[in-house]
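Thank you all for coming. I would like to take a few minutes to walk through one structure, beginning with a sheet and then turning to some aromatic side chains. Please have the view open in front of you as I go.

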Amino acid sequence: MPAIQKLYNACKVSLSANGPVSEDALEKVRALLEKIKPSDVGLEQEAQLARGWKASALGRNGSLHSLPPIKYLHLHECESFSMGIFCMPPSSVIPLHNHPGMTVLSKLLYGTLHVKSFDWVDVPGTSDQSQARPAKLIKNGEMRAPCEPTTLYPASGGNIHFFKATTPCAIFDILSPPYSAVDGRDCTYFRESPRGDLPGTLELEGGTVTEVTWLEEFQLPDDFVIRRGQYKGRPIKI
């Protein structure tokens, strides 16, 4: 059985409209996602190009204008989960965004990616989404394929994250449950607040939180586009 079919089958029994049915079930999906290679999803040629990529490929002036946009390859979506792959050209960015009430498994298939992620700090009186909210930094570093999948939970693991491609790269995402504005799981984009009057340390009942980053919602620029690409891997039998 193809590896992508095994992964789909595991998702079907392990993930529900309320998220993973158990931590053990999630681990089964994660273990199968870890085995997925670019050749399993029709991206072997792109992976080979990424392995041989040099910064000089941008041209003498480092111009990015000739690079393609970020592409999303859709594999499957139902009320329980979605499966898809983001193909990112070098220096492209997916701005800081959240996954409300969702568990996310991500596998870097090829390339090198800078990741910055946060989780909210639970502070009474900061529930107003239009205001800056405190968050704690979870990760700020580089991922290089091959590497293990990452897991983001609704309130931990770096649920709010930012990607910047260092080289051409591809990220396989499994979201459970998927985005749904109707069910209150809309994707919101954030930026670090430019305000200088917000505290860097918070005193809470559970202790002191240091190095607090304040995040605020922002509207994406009009030129930010993710285009739908064609999935060329093995078809999945639903």
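Let me begin with an open sheet of 6 strands, in which the pairing is antiparallel and the order runs β5-β10-β7-β8-β15-β12. Please keep in mind throughout that what we are looking at is a predicted model. At the edges of this sheet stand β5, residues 93–97, and β12, residues 190–192; each of them has a single partner strand, so one side of each is left without a neighbour in the sheet. From one strand to the next, the twist averages 35 degrees.

Staying with the β12 edge, the pairing there is with β15, residues 212–217, and this antiparallel contact extends over 3 bridges. If you would like a residue to look for, take R191, whose bridge partner in β15 is E216.

Now to the aromatic side chains. How many aromatic pairs does a search of the whole structure find? It finds 4, and I will go through two of them, bearing in mind that a pair of aromatic rings is described by the distance of the centres and the angle of the planes.

Take Y8 and F81, whose ring centres are 6.0 Å apart and whose planes meet at 55 degrees; an angle over 60 would count as edge-to-face, and so this pair is described as tilted. Because Y8 lies in helix α1, residues 3–14, while F81 belongs to the loop between β3 and β4, the pair ties together parts that are 73 residues apart in sequence. Are these two residues buried or exposed? Both Y8 and F81 are buried.

The other pair I want to show is formed by Y189 and F224, and here the arrangement is edge-to-face, with 6.3 Å from centre to centre and 70 degrees between the planes. This pair, too, links distant parts of the chain, since Y189 sits in the loop between β11 (169–176) and β12, whereas F224 sits in the loop between β15 and β16 (226–229), 35 residues away. Y189 and F224 are likewise both buried.

A ring also appears in another kind of contact, for R133 lies over the face of W120, at 3.9 Å from the ring centre.

Finally, let us return to the loop between β3 (70–77) and β4 (82–88), where C78 is found. With a relative accessible area of 29%, C78 is partly exposed. C78 and L204 are separated by 126 residues in sequence and, C-alpha to C-alpha, by 40 Å in space.

Definitions and conventions: Residues numbered from 1 in each chain as written. Predicted model: local features only at pLDDT ≥ 70, side-chain atom pairs only at ≥ 80, totals over all residues. Heavy atoms only, no water. Helix = DSSP H or I, 4+ residues; strand = E, 2+ residues; numbered from the N terminus. Buried < 20%, exposed > 50% of the residue type's maximum accessible area, 1.4 Å probe, protein only. Pairing = 2+ DSSP bridges. Axes fitted to C-alpha atoms, helices over the stretch in contact; angles between N-to-C directions. Phe/Tyr/Trp six-rings, centres within 6.5 Å; stacked < 30°, edge-to-face > 60°. Lys NZ or Arg CZ within 6 Å of the ring centre and 35° of its normal.
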